[in-house]
Amino acid sequence: MTNLISNIELPHSISLLEKMAAASIEKGPFTYVQSGSGAENTLRANVNAFEDWHIVPKVLNDVSIRDTSTQVLGTKFPSSFGLAPVGVQSIFHADGELASARAAAHYGVPFIASTLTSYSLEEIATALGKSPRWFQLYWSNDIEITLSMVRRAEVAGYSAIVITLDTTILGNRERDLNNSYSPLKLGKGSANYINDPVFQSRLGDSSSNDQAVIKKIVDVMFAPALTWDDLRTIKNHTSLPILLKGILHEEDARKALHYGADGIIVSNHGGRQLDGCISSLEALPPIAEAIQGNIPILLDSGIRRGPDVIKAKALGATAVLLGRPFVYGLAVAGEQGVRHVLNHLINDIDISLALTGLSLMEQVNYSVIRKK
Ligand SMILES: Cc1cc2nc3c(=O)[nH]c(=O)nc-3n(C[C@H](O)[C@H](O)[C@H](O)COP(=O)(O)O)c2cc1C
């Protein structure tokens with residue numbers, strides 16, 4: 001990895017930053033973050049869906065003092081956004097998740113650590129200090145490994161578990177296949193497994209054989225046989241709130257309520273799983289209708305600017321998560337690059353709220369939005 005660009009003025013638009021990221025790191029990792037699955041219809045739809053809605057601003061409301069924050073399950077989101085779980089971040093910068101965690105902590109932006117990180121959840125917790133953090137769980141087909149990771153997350157101060165449900169198997173990522181690029185097979189997302197006592201106990205004699213370890217991780221990583229009833233297992237083993245990530249159907253939103261989920265994340269994994277599936281923003285209104293304010297709804301996939309956050313809020317999201325943009329910052333300039341992206345979005349959200357004619361993010365509702 002080269003990270004050619006550093007210590008230079010960074011652009012204030014994500015599309016320019018994306019171009020700089022392309023010039024900063026090698027083709028394999030860059031394509032890995034930028035691309036989606038299949039024909040990338042859903043990847044494009046995620047961003048385009050925000051153009052289907054217009055904000056209808058109000059005036060003469062005294063917006064001189066503003067508060068863009070939101071509370072979600074006891075966690076403060078100072079600008080109503082957090083960082084989405086993104087695995088294998090050392091392929092973008094040697095400091096990987098430690099850099100993005102430090103940048104998030106600088107602004108108090110909640111950080112969601114993936115299961116598939118390059119640094120362990122404990123190392124990431126140290127980098128975060130006292131800053132808010134949740135742990136994203138890929139439910140392993142070995143339940144003891146799943147429960148061990150949840151226990152470790154509790155000890156390391158993660159205050160919620162996000163279970164990602166849209167990754168029963170990996171999506172058909174054609175551009176990565178064309179590049180023959182798989183960070184998992186290079187061992188870039190192994191830290192939480194090799195530091196896990198239960199996973200270690202499963203290795204037997206092969207613990208010093210890197211290829212055998214990677215193969216074992218790939219074998220246990222996902223649990224395609226999982227069903228709604230399995231959620232009871234996790235609820236019985238942790239007192240942390242559970243959020244379900246990857247909900248797109250309003251019937252699943254109702255089931256999430258029924259099975260006791262504490263929150264849901266409307267997401268299609270940034271268009272990286274089922275190509276041709278609905279964009280997150282289009283999925284949101286019927287889900288908000290089904291949830292009726294009973295539990296918080298987060299949304300990711302396609303958030304790029306401040307007005308996107310206002311639109312998601314107006315359509316029923318409590319808060320949103322940011323994916324690729326912070327990774328472009330990481331690729332270009334490590335922690336400073338992520339800080340730059342966060343600072344830019346924090347300002348853009350504040351400006352967008354003021355110009356919508358509101359002083360509190362909590363005042364954003366359906367009355368300030370209209371379908372094209
Ligand atoms: C490089 C990359 C790695 C990702 N890794 C994970 C992961 O480990 N776990 C997970 O739940 N989601 C993962 N995601 C999906 C994000 O959490 C999020 O849903 C998505 O990036 C949001 O879309 P956006 O990139 O358009 O903002 C990943 C996304 C990217 C781009």
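Thr75 counts as buried in this predicted model, because its relative accessibility of 5% falls under the 20% cut-off. Thr75 belongs to strand β3, which covers residues 75–77. Its side chain makes a polar contact with the side chain of Trp134, at 3.1 Å. Leaving aside neighbours within four places in sequence, Thr75 also touches Thr70, Pro110, Pro132 and Ser159, along with Trp134 itself.

Just ahead of that strand there's a backbone oddity to look at. Leu73 has a positive phi of about 50°, although it is not a glycine. Leu73 sits in the loop between β2 (70–72) and β3, and with 30% relative accessibility it counts as partly exposed. Gln292 is another non-glycine residue with a positive phi, again of about 50°. Its place is the loop between α13 (280–291) and β10 (297–299). Gln292 is exposed, since its relative accessible area of 55% is over the 50% cut-off.

Next come helices α4 and α5. In α4 (residues 96–107), the buried residues are Gly96, Glu97, Leu98, Ala99, Ser100, Ala101, Ala103 and Ala104. These pack against two strands, β4 (81–83) and β5 (111–113), and against the helices α5 and α15 (324–356). Just after α4, Gly108 takes a positive phi of about 70°.

On the α5 side, Glu123 is a handy residue to look at, as part of the helix that runs over residues 121–128. The C-alpha atoms of Glu123 and Leu98 are separated by 7.6 Å, with the two residues 25 apart along the chain. Leu98 is one of the buried residues of α4, whereas Glu123 is partly exposed, with a relative accessible area of 38%. The side chain of Glu123 also reaches back to the backbone nitrogen of Ser120, at 2.8 Å.

Now for the ligand. The space it takes is the largest cavity. There are 21 residues around the ligand, and Pro85, Ser114, Thr164, Asp300 and Arg304 come nearest. Thr164 places a polar side-chain atom 2.7 Å from a ligand oxygen. Gln136 also uses its side chain, with an N or O atom 3.0 Å from a nitrogen atom of the ligand. Arg324, by contrast, works through its backbone, where a polar atom is 2.9 Å from an oxygen atom of the ligand. How much of the ligand does the protein bury? Taken alone, the ligand exposes 600 Å², and the protein buries 98% of that.

Helix α14 covers residues 306–314, and it is largely enclosed by the rest of the structure because eight of its nine residues are buried. Those buried residues are Gly306, Asp308, Val309, Ile310, Lys311, Ala312, Lys313 and Ala314; note that two lysines and an aspartate are on the list. Just after α14, Gly316 takes a positive phi of about 120°.

That leaves one loop residue, Ser190, which lies between α7 (174–178) and α8 (191–194). Is Ser190 buried or exposed? Ser190 is buried, because its relative accessible area of 8% is under the 20% cut-off. Setting aside neighbours within four places in sequence, Ser190 is in contact with Thr117 and Ile217.

Conventions. Residues numbered from 1 in each chain as written. Predicted model: local features only at pLDDT ≥ 70, side-chain atom pairs only at ≥ 80, totals over all residues. Heavy atoms only, no water. Helix = DSSP H or I, 4+ residues; strand = E, 2+ residues; numbered from the N terminus. Buried < 20%, exposed > 50% of the residue type's maximum accessible area, 1.4 Å probe, protein only. Contact = heavy atoms within 4.5 Å. Near = heavy atom within 4 Å. Polar contact = N/O pair within 3.5 Å; in protein donor to acceptor, adjacent residues only side chain to side chain. Areas by Shrake-Rupley, 256 points an atom, 1.4 Å probe, with all protein chains shown as cover. 1 Å grid on protein atoms, 1.4 Å probe; cavity = no way out; pocket = protein on both sides within 12 Å on 5 of 7 lines; lining within 4 Å. Sits in = over half its atoms within 2 Å of the grid points.
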